[in-house]
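Me: I am new to this structure and should be grateful for a close look at a single part of it, the place where the chains meet. Please describe that part in one connected account.

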Amino acid sequence: MNYTVRDSTPGDCKDIMRLIVDLAEYEKMPNEVKLSHKELEADGFSSNPFFKCLVAEVPEEFKSKEGHTIVGYGFYFFTYCTWKGRVVYLEDLYVMPEFRGKGIGKALMSRIAQIGRAQGCVRMQFTVLDWNKPSLDFYSSQGAVNLTATEGWQLLRFEGEALEKLAQNAN
Amino acid sequence: MANFILRKAEPKDVSDILRLIKELAKYEEMEDQVILTEKELLEDGFGEHPFYHCVVAEVPKEHQSREGHTVVGFAMYYFTYDPWIGKLLYLEDFYVMKEYRGYGMGSEILKKLSHTAVKTRCSSMHFIVAEWNKPSIEFYKRRGASDLSSEEGWRLFKIDKQYLVKMSSEE
């Protein structure tokens, strides 16, 4: 069964949103998805995009049970490490269950690695949930290092009320 | 000594920024990992599509440091994207020189950044902290930050250059 990996277009946003929700369900947090496909379109396809997205597409004759031909995506953007320079950050990587085992995930990731290298990136960074064994194993096999375990990095955030409160007294 | 200003970094600030990056790396016990140069900082921060944004804290000449510096603190950030909620502000580095701590500079920098986050419609500010860095963790938690590594199980991963090259050639 063949597939192609390509850059997404504004017209793909409905499908990308569908897959984002699928992945959130897998991560046991489907109610956390507040974004609409319209916002995704505005934020990803303007003159100053906040992210880039690759999609994996299959021909019509191999479409999914529900009739979809966009079966996977790789969502990324560029960040910066003050020690080494440019970094490519892999935000989301997902392939629909019925299309797994065919190398699509690896192909998406390889293309993003290639794009990162072309932009002079020194590494790829991403987060994985500690219970997600299939993904932990997959990334390990590609040479990934768990920085939380080896260096003790913890991910923190300020959001909602806490962020507003912090901003209130800014000059 | 109480007065200082916070301002957007300019190209002329790159050597001070690199100096402070190295000081922070030393505090994090990883000084020899900094291989970034002033030239790269200049290109990556002040070109057509900057990879980062930077705010610096400056004191008047009469309060310069022992070595004669007036730029005594900085914060580097960039915009990332969460497919569930949209734009985020990512705080990459945040540091105030030892002799200038306790005057509220750190708090003011954080307030300014959270104000930027709210102004640019970011839903959240994210950052990482080393788990042994108790003073910093307390500083952030006092201001309402949540630890996503403990609360949700996120682990930070990296894939270094040699594996990116391997992956991108395996397509």
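Reply: In this predicted model, chain A and chain B bury about 7,500 Å² between them, and 62% of that area lies on carbon and sulfur atoms. The size of an interface is often given as the accessible area lost when the parts come together. In terms of residues, 71 of chain A are in contact with 71 of chain B.

Polar pairing also links the two chains. There are 17 residue pairs in polar contact between chain A and chain B, counting pairs with both residues at pLDDT 80 or more. The largest share of the side of chain A that touches chain B comes from helix α3 (residues 104-118) of chain A, which supplies eight residues. Sorted by class, this side of chain A holds 36 nonpolar, 17 polar and 18 charged residues.

Side chains of opposite charge can pair when their charged atoms come close. Between chain A and chain B the count is two salt bridges. One of them joins Arg157(A) to Glu152(B), with the closest N and O atoms 3.5 Å apart.

Over all chains, the count comes to 15 salt bridges. Among them is a pair within chain A, Arg6(A) with Glu57(A), whose closest N and O atoms are 2.9 Å apart. Arg6(A) belongs to strand β1 (residues 4-7) of chain A and Glu57(A) to strand β2 (residues 52-57) of chain A, so this salt bridge ties together parts that are 51 residues apart in sequence.

Both chains also contribute to a pocket. The second largest pocket has a volume of about 570 Å³. It is lined by 16 residues, of which Asn48(A), Pro49(A), Phe78(A), His49(B) and Pro50(B) are the closest to its centre. The elements that give two or more residues to this lining are β3 (70-81) of chain A and β3 (71-82) of chain B. By class, the lining of the second largest pocket consists of 10 nonpolar, five polar and one charged residues.

Definitions and conventions:
Residues are numbered from 1 along each chain as its sequence is written. Chains are lettered from A and ligands numbered from 1 in the order in which they are written. This is a predicted model: local features need pLDDT of at least 70, side-chain atom pairs count only at pLDDT 80 or more; totals for chains, interfaces and linings use all residues. Side-chain values use heavy atoms; hydrogens and water are left out. On a 1 Å grid over the protein atoms alone, a cavity is a set of points where a 1.4 Å probe fits but cannot get out, and a pocket is an open set with protein on both sides within 12 Å along at least five of seven lines; lining residues have an atom within 4 Å of a point. Grid points are joined across faces, edges and corners, and a volume is the space filled by probe spheres set on the points. Helices (H or I, at least four residues) and strands (E, at least two) are DSSP runs, numbered from the N terminus. Ala, Val, Leu, Ile, Met, Phe, Trp, Tyr, Cys and Pro count as nonpolar, Asp, Glu, Lys and Arg as charged, and the others, Gly among them, as polar. Contact means heavy atoms within 4.5 Å. Buried area is the accessible area (1.4 Å probe) that two parts lose on being put together, summed over both. A salt bridge is a side-chain nitrogen of Lys or Arg within 4 Å of a carboxyl oxygen of Asp or Glu. A polar contact is a pair of N or O atoms within 3.5 Å; within protein, one must be able to donate a hydrogen and the other to accept it, and residues adjacent in sequence count only if both atoms are side-chain atoms.
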